[in-house]
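Student: Could we go through this two-chain model together, beginning with how the chains meet and then turning to sheets, core and confidence?

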Amino acid sequence: MRFFELVRFAFGAIFAHPMRSVLTSLGVVIGVAAVVMMTSIGVGASQRISGAIGGLGTNLIIVTPAFQRPGIVSGGAGSGLSLKDADAAGIGKIDGVAAVAPVVRGQAQLSADGANWSTGIQGVTPDYIVARDLTIASGRMFDDRDARQGRKVMVIGPTVAKQLWGEADPIGKRVRVKTVPFEVVGLLESKGSAGFGQDQDDIALAPLSAVRSRVLGRRIRADAVQTIFVKAAVADDLDRVQEDVTNLVREQHHIKAGEDDDFQTQNMASILAASQAAVATFTVLLAAVAGVSLVVGGVGIMNIMLVAVTERTREIGLRMAVGARRNDILIQFALEAVVLSLVGGLIGLSIGVLGAIGIAKLGQWPAAVPPWSGPLALGFSTIVGLVFGAYPSWRAARLDPIEALRRE
Amino acid sequence: MIEIEGLRKVYIMGDEKVGALAGADLTITRGEYVAIIGPSGSGKSTLMNILGGLDRPTSGSYRFEGEEVDEFSDNALADFRRRRIGFVFQSFQLLPRLTALQNVELPMVYGGVPGPERKARATELLERVGLGARKGHRPTQLSGGQQQRVAIARSLANRPDLLLADEPTGALDTHTSEEILKLFGELNADGLTLVIVTHDPDVAGEATRRVAFRDGLIVSDEGGPRAAKGGTA
């Protein structure tokens, strides 16, 4: 008995009830499409996050104030403003530190030549562009002398320039923050979107002291810092530098052994790893939920196969009478289930890939259908067909030919 | 060709044991045309199922060309049915989805006969039973007599040693029955061994030997060239 003939019998039975076969496969179609789409979304999101975080530079350490424990309501990270200029200065002396950039942030309405734009304004030191790997496209970054002299100068991102002046060259233009006029001295190179709707080009940088006094005003102490970016010279040195930074700040804050830090340090490599792990967990979760529908699809196949065995009892009896072995019957029905499932899997895979590309377009991330999703989807649908076709096929093969032939 | 000794078959139905065969002895030689007659429940259908390898005896022995069929495994029994036996049923038992040709091909598919050879032989067989022009028809497009002729063509597909027919004319009118019986007569004349189960005296009259069953036992055996072993067990 040749396998090919049994495949032919299976297809014959499937095409005998086209509508029923389509509806039976639908469960697997939906299941496989969902699994393919979910894994693609997961992989796409993961790649995008890696790109975004990686774009910030992986040998970066971020120092922020710790959550404030006492009190009724936690103000969230940064609310305590335990960091000071002195901490940044101290960190700058640590061996292996390439750049230190203390930062204060405020939201400000910029107005110039009749145009308005609300953006995040950051008070930074000139080293900020080194620490964050930014590039000046035109003009210059403000320097220490600008800061010392208390000049109100600003470096802006392309989005801000476009919103205020369109395509015109912004260098030398005046812009008001509230009532305070600033002069634009530099334009940053575009960094593009970081993902999740964050526009990295929608940024305005000004000297620390100017932002503290003119933008944030009384809301902040004169030497307070919200975040300190520390760039290690060598990525391999990251852990050691992070430890040195922690020890130094503890010392400067007079934190005794056993006491909680009033600040925290994170490095981008571990943030990247953590967010990758989070996305991976999320992807597995989504795929598992989608996998449930694959199982439901399998149950649908089992149901229809049981119906088919009952309907075709006489056919099974006749096949046995003309010399089919029990295994021939078993394989014929198992193949029928596998073909239903596998064809469903193929259709589901196509829908899943198209869906993943569509979702990627909507979400503006690269369509990432992992190459293994094809074999995986087809492998899974074959297994579903085998598992859920096994019991009906076994029932068919165990039939007593005499009883079967007598069945009406 | 067939030697049966002390064949018993007991069915268990619920708590009761129902005896279908109570120890039958029978010998059939090649080329015979045997009618097995008797009222319903006499054990004649059970005998036929055992002869055809569809059922196994509870005790006793069944030898076919010297082989102990009652000791065959399930697979060996399936192979035995395929190679040695042709079945013709009262209700034809054609597969409704398949054409006449495909129905005739079916036993050869399980026999591993290659496609072209299978088609050629199936066509030849359909021509032999007078249905060469209807090989593309499905069973529902054929009359009862035509369906039974397709079934006969199918039973001959793997060149069986023994053709077993269970009330082959039971679902047909008198005229069609005569045609089918004529076909059986021709097949027997060509050397095929035939065993027909029937309770129709006209059908039994066509056979050269008549074996009568009652309550699981052979009560008479007449007309056969070797009718010596008749009588009770």
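Student: How many residues of chain A are in contact with chain B, and how many residues of chain B do they meet?
Tutor: This is a predicted model, in which local features need pLDDT of at least 70 and side-chain atom pairs count only at pLDDT 80 or more, while totals for chains, interfaces and linings use all residues. Residues are numbered from 1 along each chain as its sequence is written, and chains are lettered from A and ligands numbered from 1 in the order in which they are written. Taking two residues to be in contact if their C-beta atoms, placed from the backbone, lie within 7 Å, the residues of chain A in contact number 19, and those of chain B number 20.

Student: Which helix gives the most to the side of chain A that touches chain B?
Tutor: With helices (H or I, at least four residues) and strands (E, at least two) taken as DSSP runs numbered from the N terminus, helices H1 (3-16), H10 (313-321), H11 (326-363) and H13 (401-406) of chain A each supply at least two residues of that side. The helix that gives the most, with five residues, is H10(A).

Student: In what order do the four strands of the open sheet in chain B stand?
Tutor: Strands count as paired if DSSP finds at least two bridges between them; strand E1 (residues 2-13) and strand E4 (residues 59-64) of chain B pair in the antiparallel sense over five bridges, with B:Ile4 partnered by B:Tyr62 and B:Glu5 by B:Ser61. Strand E2 (16-28) and E5 of chain B stand at the edges, each with a single partner strand, so one side of each is left without a neighbour in the sheet. The pairing is antiparallel, and the order in chain B is E2-E1-E4-E5.

Student: Which residue in the turn between E4(B) and E5(B) has a positive phi?
Tutor: E4(B) is joined by two antiparallel bridges to strand E5 (residues 67-68) of chain B, where B:Arg63 stands opposite B:Glu68. The two strands form a hairpin with two residues between them, and the turn residue with a positive phi, of about 50°, is B:Glu65.

Student: How many of the six residues of strand E13 (residues 227-232) of chain A are buried?
Tutor: E13(A) is joined in the antiparallel sense to strand E1 (residues 60-65) of chain A by four bridges and to strand E3 (residues 97-112) of chain A by six; A:Val230 stands opposite A:Val100 in the latter pairing. Calling a residue buried if 20 or more other C-beta atoms, placed from the backbone, lie within 10 Å of its own, the number buried in E13(A) is five.

Student: Why does the largest nonpolar core lie between domain 1 and domain 2 of chain A?
Tutor: A nonpolar core is a set of buried Ala, Val, Leu, Ile, Met, Phe, Trp, Tyr and Cys residues joined through C-beta atoms within 7 Å, and the largest has 179 residues, with A:Val230 and B:Val195 among those with the most contacts inside it. By an automatic or database domain assignment, the core lies between the two because residues are given to it by both domain 1 (3-50 + 282-406) and domain 2 (81-261) of chain A.

Student: Where in chain A is confidence lowest?
Tutor: On pLDDT, the predictor's confidence in each residue from 0 to 100, chain A has a mean of 86, and 93% of its residues reach 70 or more. Where pLDDT is low, the predicted coordinates should not be read in detail. The highest confidence in chain A is in H10(A), at 96, and the lowest, at a mean of 54, is in strand E9 (residues 193-195).

Key. Buried ≥ 20, exposed ≤ 12 C-beta atoms within 10 Å, placed from the backbone.
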